[in-house]
Amino acid sequence: MFNKRFIFYTVASAVIASLIVLLLPLVRNERTDRGYLLSQTKTDVKNINTALNQLEIACSVLPSGDNRAIFRTLFGSNTLQIVFLATARTNSDGELLDPWGSPYEIEILAQTNIVIKSAGKNGRWGDKDDYVFDGRKNEYLQDPSPELRP
């Protein structure tokens with residue numbers, strides 16, 4: 001027969017292990033979350049740039065219009081009906097959202113330059129936590145990642 005103490009410790013260990021598994025996601029590491037968000041932003045920006053370059057190759061022209069029109073074109077509303085960018089993280093206007101919930105901003109300047117921006121963590125444009133990517137040079141003009149890391 002099992003000892004009462006053995007049964008008690010076995011049940012108690014199982015309860016504690018279950019609580020740890022259930023509560024662990026609530027005690028996430030802020031540094032890990034921040035790193036994930038920064039990484040996701042950089043991935044999104046690169047994917048947008050790649051999609052725009054692929055669209056330009058396929059259609060011989062970059063899309064025109066505001067953010068909504070550009071994202072609609074990338075999401076398949078183009079003459080070839082090709083989806084160049086697929087995501088579920090969009091707002092009601094159909095714009096791709098950065099990890100903090102603000103739409104990415106795409107500027108196509110005279111069909112010769114692509115600038116892709118994220119408002120960053122604070123959601124405000126024009127400050128030091130914005131991401132600004134030059135699509136033709138394939139480099140960041142402003143990248144707050146090193147400053148935001150602990």
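Visitor: Which residues is K46 in contact with, leaving aside its neighbours within four places in sequence?
Guide: This is a predicted model, where local features need pLDDT of at least 70, side-chain atom pairs count only at pLDDT 80 or more, and totals for chains, interfaces and linings use all residues. Residues are numbered from 1 along each chain as its sequence is written, and side-chain values use heavy atoms, with hydrogens and water left out. Contact means heavy atoms within 4.5 Å. On that basis, K46 meets F133 and N138.

Visitor: What separates the C-alpha atoms of K46 and G135?
Guide: K46 sits in helix α2; helices (H or I, at least four residues) and strands (E, at least two) are DSSP runs, numbered from the N terminus. K46 and G135 are 89 residues apart along the chain, and their C-alpha atoms are separated by 8.4 Å.

Visitor: Is K46 buried, partly exposed or exposed?
Guide: Buried means under 20% relative accessible area, exposed over 50%, partly exposed in between (1.4 Å probe, protein chains only). K46 has 34% relative accessibility, so the class is partly exposed.

Visitor: Which element gives the largest share of the largest nonpolar core?
Guide: Such a core is a set of buried Ala, Val, Leu, Ile, Met, Phe, Trp, Tyr and Cys residues joined through side-chain atoms within 4.5 Å. The largest has 18 residues, with I48, L52 and F71 among those with the most contacts inside it. Two or more residues come from each of α2 (30-59), α3 (67-74), β1 (105-109) and β2 (113-118). The largest share, five residues, comes from α2.

Visitor: Which strands stand at the edges of the sheet?
Guide: Two strands pair if DSSP finds at least two bridges between them. Four strands form an open antiparallel sheet, in the order β1-β2-β3-β4. Each edge strand has a single partner, so one side is left without a neighbour in the sheet: these are β1 and β4 (139-142).
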